[in-house]
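Reader: I am in my first year and still learning to read structures, and I would like a close look at a single part. Could you take me carefully through the nonpolar core, and then through what lies apart from that core?

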Amino acid sequence: MNNFMTILFHTYLSKLKTKSFIVTTIITVLIVVGLANLSGIIDFFNKDSQEEIAVIDETGELFAPISEQLKAVNKEIGLENYNGTVENGEKAVKEGEYKGLLILSYDQDELPEAIYKAKSIADSAIPSELQSVLQQMKTQMAASQINLSPEQLGKIYEPVSFKQIALEENAKTEEELNQARGLVYVLLFVIYFAVVLYANMIAMEVATEKSSRVMEILISSVSPIKQMFAKILGIGLLSLTQMALILLVGYYSIKQNLSSMEGGFFEFFGFGNIPASTIAYALIFFILGYFLYATLAAFLGSLVSRIEDIQQMITPMTMMVVAGFMIAMFGLNQPEASFVTITSYIPFFTPMLMFMRAGMLSLPVWEPILGIAILLAAIILLAVFGARVYRGGVLMYGNSNSFKDIKKALLLTKND
Amino acid sequence: MSLLLDHVTKRFGKFMAVDDLSLAIPESEMFGFLGANGAGKTTTFRMILGLLDPSEGKITWNGKRIDYSTSPQIGYLPEERGLYPKLKIKDQIVYLAKLRGMAKQDSLKELVYWLERFKVPEYENKKVEELSKGNQQKIQFITAVIHKPKLLILDEPFSGLDPVNVEQMKEAVLELKESGTTIVFSSHRMEHVEELCEYLCIMQKGRPVVHGSLKEIKRSFGKKNLVIHADYDLSFLANSHGVIKARQTAEGIHLQIAGEKTAEDIFKEIAEKGFVRKFVLEEPSLHDIFIEKAGASYE
């Protein structure tokens with residue numbers, strides 16, 4: 001047990017101190033802070049850059065109401081009544097005096113129409129803004145032409161009332177489903193990234209020890225099984241540290257930006273009244289999923305003798321995670337599809353799919369429990385098998401990077 | 001109280017790596033393992049360390065099987081050198097010693113002693129990848145002995161070292177032996193084994209072809225070497241009765257003969273021919289025995 005802790009903390013601390021880990025963590029934290037403050041950052045750069053648009057109003061009536069309405073929705077676009085000819089206007093735009101030129105006129109039905117000219121039409125934000133203002137204008141004018149009152153007009157545009165009600169007992173209400181979808185979506189991403197990232201790290205760690213041949217000394221002092229699990233836990237601890245840091249920073253920076261917002265952080269994401277069971281499932285499936293893939297990665301890592309071969313070796317594993325993730329994403333919209341149900345019992349997909357189903361549907365308790373049991377059994381099986389392969393694999397050197405080596409590694413540990 | 005290998009056999013599938021090896025290595029002795037590449041030396045060591053299980057037979061150390069509970073008493077220098085390339089010497093020695101049950105303060109103290117002894121005290125805070133291969137070897141040796149093991153296994157300890165460092169290392173090994181450590185080591189270099197070991201074993205394709213004490217092995221080999229230097233042509237001796245092998249040298253001839261009797265005959269024969277500047281009857285060298293027993297496959 002003593003050696004176990006020694007390896008665990010050695011793995012944890014030495015990884016924690018590596019430059020690459022520190023740099024990735026800092027970059028990720030910076031990105032999180034950046035994303036949380038995105039609107040602030042954009043505002044900062046756009047502060048005093050009001051875009052000026054020249055308007056040639058051939059009707060003589062439209063300019064005033066349009067510029068008023070535009071002011072109400074977007075203060076960053078300024079309209080200026082331009083008195084020159086169209087040619088002069090175009091020239092002014094080309095010279096950069098104005099961002100664009102808007103020509104307003106009436107069509108044969110006495111309704112507004114417009115032409116927008118700019119140096120390039122790659123920037124779609126301004127024209128679409130102008131278009132929507134004009135659209136409103138046109139709707140109002142058309143309505144008054146056929147003598148519709150604003151109330152009548154309002155009625156036309158009122159959205160239809162459409163409620164969904166689940167008849168099954170315990171079934172989630174629409175609101176709950178939306179909340180669950182948000183949370184499940186976020187957590188699926190967390191599980192996906194954690195598994196890919198940290199399983200990779202473990203495989204890499206094992207391969208490094210093997211390729212530097214320090215492994216032979218290690219296994220002569222500590223049993224391979226102990227080593228394998230100490231390493232898995234060490235990296236697990238590392239992953240929790242990194243994620244806790246990122247979540248904490250993310251939480252505070254978003255909270256700061258939303259301090260004025262009522263309800264705070266969790267409401268904002270629709271996590272207001274998520275059942276505790278969903279959070280619990282997320283945690284359980286995250287941990288089990290990590291262990292499953294970490295064990296797999298450790299034993300795959302033990303099979304290669306050069307670090308260059310590691311990617312090739314763990315690609316099938318990564319594919320499996322990606323496949324699970326894809327099915328889960330598909331399942332978010334159709335959680336009851338039988339395909340999703342069946343695949344949620346395949347151990348490598350269980351962490352993501354069973355969690356998604358547990359979060360989205362009201363499953364009978366035995367289903368997630370069965371999933372957890374299958375997952376646990378798979379982990380134990382993989383650990384026992386993996387530890388044997390690991391024990392032989394770490395003694396095997398040479399050009400080994402095929403799955404035939406699993407057999408060879410097992411042969412090494414056999415007693416006859 | 002010793003290391004016992006009792007009819008140990010190891011098969012990998014159909015391949016016989018070690019075949020019926022029985023050895024008794026007394027305590028505080030230095031035991032040499034000789035053998036061509038692939039003779040089964042490393043496999044034997046791995047079995048002694050408990051990294052591999054023998055297919056048949058058993059290995060005991062002081063009557064007990066070697067496993068992870070005895071690991072603080074065992075030191076191992078693997079054939080392929082292995083250290084963490086990116087870790088400081090200090091950190092890695094402390095870590096590896098800790099895994100052998102040694103406290104940090106003790107291992108740091110010992111490390112200073114050993115680094116000074118190998119005349120490289122400035123390496124404490126360097127990374128392994130910054131050191132030359134020979135110096136990495138010294139660090140590897142320190143990891144094997146820092147926890148004062150009772151049983152020390154050295155797989156090719158002198159390979160890749162310059163003569164000065166070989167001497168330093170030999171001295172250290174001898175000192176450990178004096179202090180009561182049982183040492184098993186393998187080597188390609190006959191002179192090292194001849195110089196250091198009282199007992200030895202020559203392996204050939206997994207089978208021990210010769211084993212016992214150095215003196216006995218030499219005596220029972222029977223054949224001796226005869227070196228003669230003279231000013232006239234000695235090549236006719238190659239066909240004399242009792243001569244097994246003959247090799248012309250610049251100053252005379254080098255013969256392998258069946259026994260002392262042959263030397264007497266030859267002495268009489270050439271005494272009549274003229275003056276002989278050198279006539280030496282030598283014990284066979286381990287090299288001769290090895291070549292003969294382990295076959296011409298050796299290097």
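Author: What follows is a walk through the nonpolar core, with a short look at two loops at the end. Please keep in mind throughout that this is a predicted model.

The largest nonpolar core has 143 residues, and the residues with the most contacts inside this core come from both chains, namely A:Ile202, A:Ala203, A:Ala294, A:Ala297 and A:Ala298 together with B:Ile153. Helix α8 of chain A, which covers residues 174-211, gives the largest share of this core, with 16 residues. Apart from this core lies another one, made of 17 residues, and among its members are A:Val55, A:Leu102, A:Leu104 and A:Leu134.

To see the surroundings of one core residue in detail, we can turn to B:Ile153, which, when residues up to four places away in sequence are left out, touches B:Phe45, B:Ile48, B:Leu49, B:Gly75, B:Tyr76, B:Leu77 and B:Val184.

Chain B also offers two loop residues to set beside the core. B:Lys148 sits in the loop that joins α4 (133-145) to β6 (151-155), and although this residue is not a glycine, its phi is positive, at about 50 degrees. B:Lys148 counts as partly exposed because 17 other C-beta atoms lie within 10 Å, where 20 or more would make a residue buried and 12 or fewer exposed. B:Ser28, in the loop between β2 (15-26) and β3 (30-35) of chain B, likewise is not a glycine and has a positive phi, of about 55 degrees; B:Ser28 is partly exposed, with 15 other C-beta atoms within 10 Å.

Notes: Residues are numbered from 1 along each chain as its sequence is written. Chains are lettered from A and ligands numbered from 1 in the order in which they are written. This is a predicted model: local features need pLDDT of at least 70, side-chain atom pairs count only at pLDDT 80 or more; totals for chains, interfaces and linings use all residues. Helices (H or I, at least four residues) and strands (E, at least two) are DSSP runs, numbered from the N terminus. A nonpolar core is a set of buried Ala, Val, Leu, Ile, Met, Phe, Trp, Tyr and Cys residues joined through C-beta atoms within 7 Å. Two residues are in contact if their C-beta atoms, placed from the backbone, lie within 7 Å.
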